[in-house]
Amino acid sequence: MLSSVSFSHEGKNALNTDPIYSIIQPISVYGKRTTLYVPTSRTSCKKKLKTLNVVKATMALDFLKEDVKVDLLSTLKVTATVTVKTSNEVSVMKIPWLYSQNDIKTEEKGVGFQLASTQIDPSTMRPKVSKECVKDWCKCTTRKAVGTGCFSFQVELLIDADFGEPGAILVRNNYEQELYVETISLDGFVHFTCNSWIQPAHICKEQRIFFSNKAYLPSETPLGLIYLRAKELENKRGDGSGQRLTSDRIYDYDTYNDLGNPDKGAEYARPTLGGERNPHPRRCRTGRPSTITDATCETPVNTLISSTYVPRDEAMEGTRRNDILMGIWKGVLHNIPPMVTTLYKETGVSDLSQLYRSMPEVEMSLNMQGLLKFLDIRGSIEEIFKFETPKNLSWNVTSYVQEDHELGRQTLAGMNPVSLEKLKVYPPVSKLDPSIYGPPESALKEEHIICHLNGMSVQQALDENKLFILDYHDIYLPFLERINAQEDRKAYATRTIFFLTKMGTLKPIAIELSLPPTDTNTPSKQVLTPPVDANTNWLWKLGKAHVCSNDNGVHQLVHHWLRVHACMEPFIIAAHRHLSSLHPIFKLLSPHMEHALSINAMARESLISAEGFIECGFSPGKYSTEMICAAYRDWWRFDLEGLPADLMRRGMAVPDETKPHGLRLLVEDYPYANDGLLIWSAIEELVHTYVNHYYPDDYAVISDTELQSWYSEAINVGHADLRDVNWWPELSTPKKLTEILTIIIWTSSAQHAALNFGQYHFGGYVPNRPPLMRKLIPHQHDQEYASFMADPQDYFLASLPSLFESTKYMAVIDIISAHSHEEEYIGEMKDAYTRWPGEPKIIEAFYRFSMKVKNIENEIHKRNADPKLKNRCGAGVPPYELLVPTSEPGVTGRGIPNSITM
């Protein structure tokens with residue numbers, strides 16, 4: 001067991017015997033010590049002795065003050081330039097009744113600053129710190145505006161001539177409101193990137209610790225920073241008790257036990273996600289009280305008066321928050337016309353085309369004009385009340401459902417390009433328990449597809465990699481009986497077989513629709529093939545609609561929510577709990593961790609909660625979260641989340657060292673894979689250079705206590721339900737560390753972009769990709785068969801979501817598909833020289849990465865103009881832009897933000 005050194009109250013080294021990570025060997029805490037000579041000015045006073053307050057650190061970060069005599073000629077003056085902003089939000093930080101007035105001492109108004117050296121005082125063995133300087137910017141003559149809502153001011157700090165290199169700055173907020181500190185710069189040479197809210201001293205008594213931008217591994221931490229480094233992490237971990245306040249910045253874990261509200265009635269109860277029964281990654285703990293009805297459930301937040309807790313620096317702020325609120329208001333306005341229309345007549349999705357722009361305008365009342373003026377929403381009637389026309393919408397709306405070639409193309413270049421697999425065995429076989437779900441054999445037979453194989457036998461087509469499958473049988477079938485018992489919900493467990501044509505495109509050649517086995521005369525499985533007459537034409541359309549509904553559900557529940565949002569959250573929480581901001585890996589991951597916790601908290605409020613967007617908008621309904629848990633238990637693997645590993649797992653690629661990226665794609669024109677491999681390789685190269693710079697050998701990785709604690713806790717606590725599986729990569733070499741970090745960065749940036757930002761343009765015309773279906777396909781003995789035969793189009797439209805259900809769905813995916821005005825995209829170089837001071841190799845690596853990303857964008861544009869690539873170029877074929885790195889604000893269908901955003 002590792003023991004670490006910390007400072008005791010008496011100033012001597014004290015042994016900390018808390019367990020850290022079982023495989024680590026003891027290492028020395030004495031690391032590199034350097035001195036940076038900061039430009040300073042000596043005080044212009046005569047040589048005399050003056051009493052100054054010299055502050056000494058204690059374990060509680062309360063500073064003992066002693067009066068000592070200091071030679072002022074040996075005192076240096078350092079000028080700090082501080083950039084701050086104040087909160088424009090309604091302040092919820094001032095909660096005086098939570099604090100005893102006896103605990104609140106009257107302090108000098110302003111902000112206090114105190115430098116901490118990388119060195120310790122050899123006489124006391126405590127960190128060297130400067131005298132605290134308190135600055136009231138209201139009286140500050142150096143104050144000046146720096147952008148919207150921000151300003152800077154200067155603070156002069158006195159340090160001893162032998163102070164050494166400044167390694168941290170301690171900040172205390174003596175104002176009544178919270179304060180956001182962006183940066184602090186010492187004479188332009190030592191930089192502190194803060195980007196954090198500091199609470200008033202009456203809420204948080206301890207000074208905030210900000211380290212300079214220089215990175216240190218734990219073993220290399222200068223002696224003067226060892227205690228502060230440990231204290232910073234201790235503050236962010238908390239003690240695991242109590243209800244979190246909005247002002248807190250504590251990161252901890254909990255299960256998803258807040259999705260339902262049994263106090264409203266049994267129909268609002270929902271299972272807890274996380275645990276043996278419903279395995280799921282953990283979320284950020286809030287500590288809200290339990291419900292009255294069920295002590296294991298946490299009371300949902302009342303979103304009308306508050307929001308779900310996330311650590312203060314994770315909360316949505318400013319422009320990004322306003323963009324989301326504006327999107328919500330626009331969604332409400334877009335839904336007004338269909339709501340009004342529905343009041344007067346029964347409508348269906350056949351009326352959807354009238355809801356897009358470039359359609360006849362409607363009159364607007366004076367009251368509505370006043371509302372729009374109040375909301376500061378400007379634009380034409382068409383812009384306000386109508387949806388943007390999706391890029392990928394063909395206005396041949398009389399067909400409603402996707403054409404065969406488009407269904408095949410979107411499996412390679414749509415909003416869900418990660419489900420398609422190579423067909424290895426025909427007929428496909430289920431892995432479900434046959435004693436529960438019936439015989440594993442498929443109803444698909446050779447005669448169903450043989451005439452669509454261009455003269456090949458089935459075996460030949462398999463051997464030549466011509467057959468592919470969308471297989472949603474095993475994930476849907478266990479839930480179908482309950483799904484179909486819900487009102488206006490009907491679903492199948494589908495399998496769709498595709499044939500790879502000579503043009504490099506995919507065409508669907510068979511669809512299998514399965515239901516749970518029953519004792520009735522209704523067959524549990526049926527097979528549809530491309531149509532030969534009017535009857536089979538409409539049956540084929542209905543079958544494709546059910547396939548798209550299955551695909552939409554798996555995309556949203558498994559690939560988007562589970563694999564990206566939910567599975568990344570434990571790594572983010574663990575990083576804040578165990579990786580100091582001094583740590584080079586924290587600095588690397590930091591841009592890729594922003595916003596995720598806040599967006600996931602919003603998802604718990606309104607997307608995956610009881611009667612939220614997922615339950616109301618998708619076929620699985622209230623059983624959606626249980627499907628997520630099943631996929632997590634049976635299918636998700638962290639080691640296969642990287643793009644090359646995922647392609648090989650699905651059989652879409654095979655190893656080939658003669659090819660770029662060491663892979664050969666079985667479908668050469670696979671836009672998601674081709675563009676994604678460019679992004680993946682660029683990320684991997686950057687991470688490889690970065691990791692090998694800080695970790696020259698295996699021992700450097702194994703002996704890094706913070707790194708090992710981060711990874712261990714992310715697995716053992718954050719992914720506790722899968723902690724005993726044997727596929728987790730072992731964090732023991734620089735190569736393995738590179739693999740782990742590349743997966744995290746890829747998933748949080750490019751993978752999320754590919755799955756999220758195309759949702760509106762691919763799904764904004766609901767008949768093409770219905771999120772739910774309301775009718776099954778009728779058989780001859782069914783009562784509805786006669787109505788189907790009499791008017792198959794009406795039956796088809798009645799199977800789709802209603803007009804109001806459709807527009808609600810469209811409004812939500814419009815919001816979550818949009819980029820903020822302050823989005824930060826992958827490859828952008830911001831403050832590289834100040835973020836990695838004295839690290840020219842790292843700065844060069846980021847510069848090369850930035851240039852490579854620009855070249856990738858140019859290459860994607862060239863591919864989209866290549867007529868040989870039929871899946872991304874051609875008449876009526878939209879270009880594949882989801883992995884184009886940059887974008888304008890709004891719903892653009894392109895752009896790769898650094899992190900999980902919307």
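This passage walks through the sheet, helices, aromatic rings and backbone geometry of a predicted model.

A convenient place to start is the open sheet, which has five strands in the order 18-19-20-21-22, paired antiparallel. Strand 18 (421–422) and strand 22 (525–528) form the edges, each pairing on one side only. Within the sheet, strand 19 (residues 467–471) and strand 20 (residues 493–500) run antiparallel and are joined by five bridges. To find this pairing in the viewer, one may look for I469, whose bridge partner in strand 20 is I497. Two helices lie across these strands. Helix 6 (residues 404–413) lies across strand 19, strand 20 and strand 21 (506–514), and runs at about 90 degrees to strand 21. Helix 12 (residues 534–578) lies across strand 19, strand 20, strand 21 and strand 22, at about 85 degrees to strand 21.

Further along the chain comes helix 27 (residues 840–864). Its 25 residues reach 36 Å from the first C-alpha to the last, close to the 36 Å expected at 1.5 Å a residue. An α-helix has 3.6 residues a turn, so residues three or four places apart point the same way. The buried residues of helix 27 include I842, F846, F849, V853, I856 and I860, and also the charged-type names E857 and R863. The buried residues of this helix pack against helix 13 (584–593), helix 18 (671–694) and helix 26 (832–835).

Aromatic rings offer another view of the model. A pair of such rings is described by the distance of the centres and the angle of the planes. The count comes to 25 aromatic pairs. In one of them, the ring centres of F618 and Y809 are 5.9 Å apart and the planes stand at 75 degrees; that angle is over 60, so the pair is edge-to-face. This pair links distant parts of the chain, 191 residues apart: F618 is in the loop between helix 15 (613–617) and helix 16 (624–634), whereas Y809 is in helix 25 (residues 803–816). Both F618 and Y809 are buried. F788 and Y795 form an edge-to-face pair too, with 5.6 Å from centre to centre and 75 degrees between the planes. F788 is buried at a relative accessible area of 2%, and Y795 is buried at 4%.

Aromatic residues also gather in a cluster, made up of F571, Y632, W636, F638, W710, Y711, W727 and W728. Elsewhere, charged groups sit over rings. The charged end of R143 is placed over the ring of F151, 4.1 Å from its centre, and K541 lies over the face of W538, 4.4 Å from the ring centre.

The loops hold several details of their own. T303, in the loop between strand 17 (283–284) and helix 2 (318–334), is partly exposed at 46% relative accessibility. T303 and M602 are 299 residues apart in sequence, yet their C-alpha atoms are 9.6 Å apart in space.

Most residues other than glycine have a negative phi, and most peptide bonds are trans. The peptide bond from Y426 to P427 is cis, with omega near -5 degrees; P427 lies in the loop between strand 18 and helix 7 (434–437). N454 has a positive phi, near 55 degrees, and is not a glycine. N454 lies in the loop between helix 8 (446–449) and helix 9 (458–463), where it is exposed, with a relative accessible area of 51%. E611, also not a glycine, has a positive phi of about 60 degrees and lies in the loop between helix 14 (596–606) and helix 15.

Key:
Residues numbered from 1 in each chain as written. Predicted model: local features only at pLDDT ≥ 70, side-chain atom pairs only at ≥ 80, totals over all residues. Heavy atoms only, no water. Phe/Tyr/Trp six-rings, centres within 6.5 Å; stacked < 30°, edge-to-face > 60°. Helix = DSSP H or I, 4+ residues; strand = E, 2+ residues; numbered from the N terminus. Buried < 20%, exposed > 50% of the residue type's maximum accessible area, 1.4 Å probe, protein only. Lys NZ or Arg CZ within 6 Å of the ring centre and 35° of its normal. Pairing = 2+ DSSP bridges. Contact = heavy atoms within 4.5 Å. Axes fitted to C-alpha atoms, helices over the stretch in contact; angles between N-to-C directions. Expected span 1.5 Å × (residues − 1).
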